[in-house]
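Here is my note on the model, point by point. Please have the structure open while you read.

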Amino acid sequence: MALNVFDHDEYRPPVWKSYLYQLQQEAPHPRRVTCTCEVDNRPKYYGREYHGMISREDADQLLSQAEGSYLIRESQRQPGTYTLALRFGNQTRNFRLYHDGKHFVGEKRFESIHDLVTDGLITLYIETKAAEYIAKMTINPIYEHVGYTTLNQEPTLKKHLPHSPEALDGPAPAKDDCNTEERLTSLVRRATLRESDLAPKYEKVHNFKVHTFRGPHWCEYCANFMWGLIAQGVKCADCGLNVHKQCSKVVPNDCQPDLRHVKKVYSCDLTTLVKAHNTKRPMVVDMCIQEIEARGLQSEGLYRISGFSELIEDVKLAFDRDGEKADISSNAYEDINIITGALKLYFRELPIPIITYDAYPRFIETGKITDPEKRLESLHEALKLLPPAHCETLRYLMAHLKRVTQYEKENLMSSENLGIVFGPTLMRAPELDAMTALNDIRYQRLVVETLITNEDVLF
């Protein structure tokens with residue numbers, strides 16, 4: 001069934017998108033089968049639903065009263081382990097039950113057995129009744145019709161934006177322009193944000209985390225209901241996109257980070273940061289380099305001499321708090337080594353280094369090549385492995401360091417010296433043993449030195 005946002009003045013997800021919501025309402029309710037006698041050695045985190053060491057047959061008999069009936073028993077085969085026995089589909093289902101402060105039989109963890117059973121019955125019922133439907137629900141996603149691309153191409157499409165799926169079964173809201181923002185899903189709110197023509201469109205994968213949604217929620221990829229009591233789906237920590245776990249595997253790599261979710265500058269993924277601020281490079285890199293070139297190129301030991309760590313930490317906090325409005329001028333920090341220290345700290349704290357873990361082995365192999373021409377060729381190919389935002393930031397940094405070397409007589413910093421400083425800063429070994437990591441240091445230096453010396457050829 002094709003969806004087209006251009007067919008009507010206002011797009012509303014079709015009625016069948018409520019199918020899974022209706023099924024959740026129909027799911028059996030939990031019915032606790034209580035034990036009428038005292039049971040020795042009952043774990044303190046179980047209640048009257050605990051029946052001690054009874055057989056499967058006895059449990060089956062006790063649960064035969066109604067769908068959704070449940071009890072807990074101790075295993076006869078493995079004393080000290082516990083089983084949740086649950087009646088569903090006119091048969092008893094047995095699940096190994098665990099407790100580590102919360103109750104669980106799988107990935108989800110619950111505060112109470114009642115919640116665990118409620119969620120389990122919903123999941124069993126929906127996945128039994130709608131198995132074929134669930135398998136096919138990503139085939140014709142709403143995402144393709146109201147995603148970023150479509151809306152960015154048509155700035156006049158505001159009248160076609162979908163209402164929040166939570167309002168599916170209620171009356172259509174009044175057409176009040178001032179309330180439009182409140183009615184939009186987070187997907188569409190992000191879709192309508194126009195990127196600056198100057199900023200490159202870097203590709204970025206979503207940063208999905210398991211999430212518990214309060215109240216009914218619909219998937220922003222397939223528009224289907226997100227069922228369950230807790231952990232119904234995943235939410236992108238960077239842009240807020242809410243989708244089913246299975247849908248997250250097919251969502252395009254088009255995350256548009258939202259500053260409401262990206263609250264830090266340091267320790268933030270580089271591509272996430274530049275997309276959130278709509279810039280080519282992290283503002284930390286641009287601002288620090290501009291400040292250094294304005295007043296520090298002739299400073300002896302530039303980048304080699306460390307500034308006071310407390311003041312470097314102050315600069316970090318200023319960027320995290322104020323972003324591009326952070327004051328790093330000479331009035332605030334007279335010592336230029338504080339600014340160079342803040343820049344190096346930014347690179348060190350990146351969760352994925354400028355030269356990424358995936359590309360690291362290729363760069364190290366390049367450093368081992370002794371022939372200068374072949375090393376350049378290999379380095380040129382290795383640079384293609386970097387994400388665009390990483391490559392652009394590296395290019396800008398290397399051009400800056402090349403200018404630093406032009407003042408070598410004053411600052412005493414050659415490309416070799418800068419390679420020693422920046423090698424371990426820009427390249428971090430991905431989980432290598434200590435000896436291998438130590439041996440890599442000289443190749444890291446050679447790679448950065450070659451990048452500086454040949455930045456005009458390589459980028």
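1. Let me start with a cysteine. Cys247 is buried, at a relative accessible area of 0%; buried here means under 20% relative accessible area, exposed means over 50%, and partly exposed is in between (1.4 Å probe, protein chains only). The closest cysteine sulfur to that of Cys247 belongs to Cys222 and sits 3.8 Å away, too far for a bond. The structure as a whole holds zero disulfides, a disulfide being a pair of cysteine sulfur atoms within 2.5 Å. Cys268 is buried as well, with a relative accessible area of 11%.

2. A word on the ground rules. This is a predicted model, in which local features need pLDDT of at least 70 and side-chain atom pairs count only at pLDDT 80 or more, while totals for chains, interfaces and linings use all residues. Residues are numbered from 1 along each chain as its sequence is written, and side-chain values use heavy atoms, with hydrogens and water left out.

3. On to the charged pairs. Side chains of opposite charge can pair when their charged atoms come close. How many salt bridges does a search of the whole structure find? The search finds 21, each defined as a side-chain nitrogen of Lys or Arg within 4 Å of a carboxyl oxygen of Asp or Glu. One of them joins Glu293 to Arg403, with 2.8 Å between the closest N and O atoms. Glu293 lies in helix α10 (residues 283-295) and Arg403 in helix α15 (residues 388-405), so this pair ties together parts that are 110 residues apart in sequence. Helices (H or I, at least four residues) and strands (E, at least two) are DSSP runs, numbered from the N terminus. Both partners are partly exposed: Glu293 has a relative accessible area of 26%, and Arg403 has 30%. Elsewhere, salt bridges that share partners join Arg281, Asp286, Glu392 and Arg395 into one network.

4. Two further pairs deserve a look. Lys136 bridges to Glu132, with the closest N and O atoms 3.1 Å apart. Both residues belong to helix α4 (residues 131-136) and are four residues apart, about one turn of the helix. Lys136 is partly exposed at 47%, whereas Glu132 is exposed at 56%. The other pair is Arg109 with Asp100, whose closest N and O atoms are 3.2 Å apart; Arg109 is partly exposed, at 36% relative accessibility.

5. Next, the nonpolar interior. The largest nonpolar core has 66 residues, and Tyr303, Phe319, Phe347, Phe363, Phe422 and Leu426 have the most contacts inside it. A nonpolar core is a set of buried Ala, Val, Leu, Ile, Met, Phe, Trp, Tyr and Cys residues joined through side-chain atoms within 4.5 Å. Helix α12 (residues 336-348) provides the largest share of this core, eight residues. Phe363 is a good place to center the view: leaving out residues up to four places away in sequence, Phe363 touches Ile355, Leu379, Ala382, Leu383, Leu386, Met427 and Val447, where contact means heavy atoms within 4.5 Å. Apart from the largest core lies another, of 42 residues, including Tyr50, Ile113, Leu121 and Ile134.

6. Please check two backbone spots. Most residues other than glycine have a negative phi. Asn90, not a glycine, has a positive phi of about 60 degrees. Asn90 sits in the loop between β3 (82-88) and β4 (91-99), and is exposed, with a relative accessible area of 64%. Asn278 also has a positive phi, near 60 degrees; its place is in the loop between α9 (270-277) and α10. Asn278 is partly exposed, at 26%.

7. Last, the empty space. The largest pocket holds about 780 Å³. Of its 29 lining residues, Glu107, Lys108, Asp119, Thr123 and Ala231 are the closest to its centre. Helix α3 (113-129) is one of the elements that each supply at least two lining residues, along with β3, β6 (208-211) and β7 (233-236); α3 gives the most, with six. There are also two cavities of 30 Å³ or more. The second largest has a volume of about 30 Å³, and its lining includes Cys35, Cys37, Arg48 and Tyr50. On a 1 Å grid over the protein atoms alone, a cavity is a set of points where a 1.4 Å probe fits but cannot get out, and a pocket is an open set with protein on both sides within 12 Å along at least five of seven lines; lining residues have an atom within 4 Å of a point. Grid points are joined across faces, edges and corners, and a volume is the space filled by probe spheres set on the points.
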